[in-house]
Amino acid sequence: MRLIADYHTHTIYSHGKGTIRDNVEAALKKGLKEIAICDHGPGHFLYGVKREKLFKMREEIDQLNAEYRNKGIKILLGVEANLIGYDGTIDVDDEVIKILDLLLLGFHYGAIPKSIREYMLLNVANPLSKALSFMGKWIERKNTEAIIKALEKYPIDLITHPGDKARLDIRKVAEVASKKGVALEINAKHKELSVESLRMLLDTKVEFLINSDAHSPQEVGQVDKSIKRAMEAKIPIHRIRNLEEN
Ligand SMILES: [Zn+2]
Ligand SMILES: [Zn+2]
């Protein structure tokens, strides 16, 4: 089994440690054919990349692609967008979406929502529901509806660490995702999707991406934990888009 691309890596533009070039060099050493630079969306008050910077990142990536063309690696620009509204609104606008190669969506605490009510749901009810189980089903339904609405509104390619920060009805999300060609992530840094969750998706048609979520160049392409979970859950390799049989 071989990873051919890592579609989720962070740089100094949000809170990663390396530059774009550092991540690309690391990906080359790992033998990857593609790497995506996906910093946090502008709506995150701690880690968000400034909106204007995304245009600068586009230029930098275009230049690097010209430079690295002969070395056999392609660099993509993505954003790990935040959900900021339970109507499915995310923190990336159409003008930004136009310059992206890849749009990722994930739940993160610390995203600045559209209203106080949504702040309470996203940043208070979600962490609280881990301790107060009676809230679990209710918030799970809210989160699931919000993600599905976002999938209907935006050209999302990947849902990052689904079910990790916020509870989701993962089968429901998977059904809509597979119809829209959206992949679910098996993230090396986060425990969801877990083996148990993956097993629940065996009889759906949803496809997966295995990503490092690297926050430093050394972590680029490090996905052993994800591969182990996928294999343990017996996910067929053809449903993992960035794995290749040796
Ligand atoms: Zn994330
Ligand atoms: Zn991330």
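**Zinc sites and their surroundings**

Reader: Which residues coordinate the zinc ion (ligand 1)?
Author: Donors are N, O and S atoms within 2.8 Å of the metal (3.2 Å for Na, K and Ca), and sites may look incomplete because water is not among the atoms. For the zinc ion (ligand 1), the coordinating atoms are an OE atom and two NE2 atoms, at 2.1 to 2.2 Å. They belong to Glu 80, His 108 and His 161.

Reader: What pLDDT do local features need in this model?
Author: Residues are numbered from 1 along each chain as its sequence is written, while chains are lettered from A and ligands numbered from 1 in the order in which they are written. Side-chain values use heavy atoms, leaving out hydrogens and water, and because this is a predicted model, totals for chains, interfaces and linings use all residues, side-chain atom pairs count only at pLDDT 80 or more, and local features need pLDDT of at least 70.

Reader: How many residues apart in sequence are the parts tied together by Glu 80 and His 161?
Author: The donor residues of the zinc ion (ligand 1) follow the spacing E-x27-H-x52-H. Glu 80 lies in strand E4, whereas His 161 is in the loop between strand E6 (158–159) and helix H6 (170–180); helices (H or I, at least four residues) and strands (E, at least two) are DSSP runs, numbered from the N terminus. The pair therefore ties together parts whose separation in sequence is 81 residues.

Reader: Is His 161 buried or exposed?
Author: Buried means under 20% relative accessible area, exposed over 50%, and partly exposed in between (1.4 Å probe, protein chains only). His 161, which is not a glycine, has a positive phi of about 25°. Its relative accessibility is 2%, so His 161 counts as buried.

Reader: What is the geometry of the site of the zinc ion (ligand 2)?
Author: The protein donors here are His 8 (NE2), His 10 (NE2), Glu 80 (OE) and Asp 213 (OD), at 2.1 to 2.3 Å. Four donors count as tetrahedral if all angles lie between 85 and 135 degrees; four count as square planar and six as octahedral if opposite donors are over 155 degrees apart and all others between 65 and 115; anything else is irregular. The angles among the 4 donor atoms of this site run from 79 to 165°, and the site is irregular.

Reader: Which residue bridges the zinc ion (ligand 2) and the zinc ion (ligand 1)?
Author: The two ions lie 3.4 Å apart, with one residue bridging them. This residue pairs with Asp 213 to link distant parts of the chain, 133 residues apart: one is in strand E4 (residues 74–82), the other in the loop between strand E8 (208–211) and helix H8 (224–232). At 1% relative accessibility the bridging residue counts as buried. The residue is Glu 80.

Reader: What is the phi of Asp 213?
Author: Asp 213 has 2% relative accessibility and so counts as buried. Its phi is positive in a residue other than glycine, with a value near 55°.

Reader: What separates the C-alpha atoms of Ser 212 and Tyr 13?
Author: Ser 212 is in the loop between E8 and H8, and its relative accessible area of 2% is why it is buried. Contact means heavy atoms within 4.5 Å; beyond neighbours within four places in sequence, Ser 212 has contacts including Asp 6, His 8 and Thr 9. Ser 212 and Tyr 13 are 199 residues apart along the chain, and their C-alpha atoms are separated by 17 Å.

Reader: What is the relative accessibility of Ser 226?
Author: Ser 226 lies in helix H8. Leaving aside neighbours within four places in sequence, it is in contact with Ile 186, Asn 187, Ala 188, Ile 210 and Asn 211. Ser 226 counts as buried because its relative accessibility is 0%.

Reader: Which residues does a cis peptide bond join?
Author: One partner, Leu 193, lies in the loop between strand E7 (183–187) and helix H7 (195–200). Omega is about 0° for this bond, which joins Glu 192 and Leu 193.
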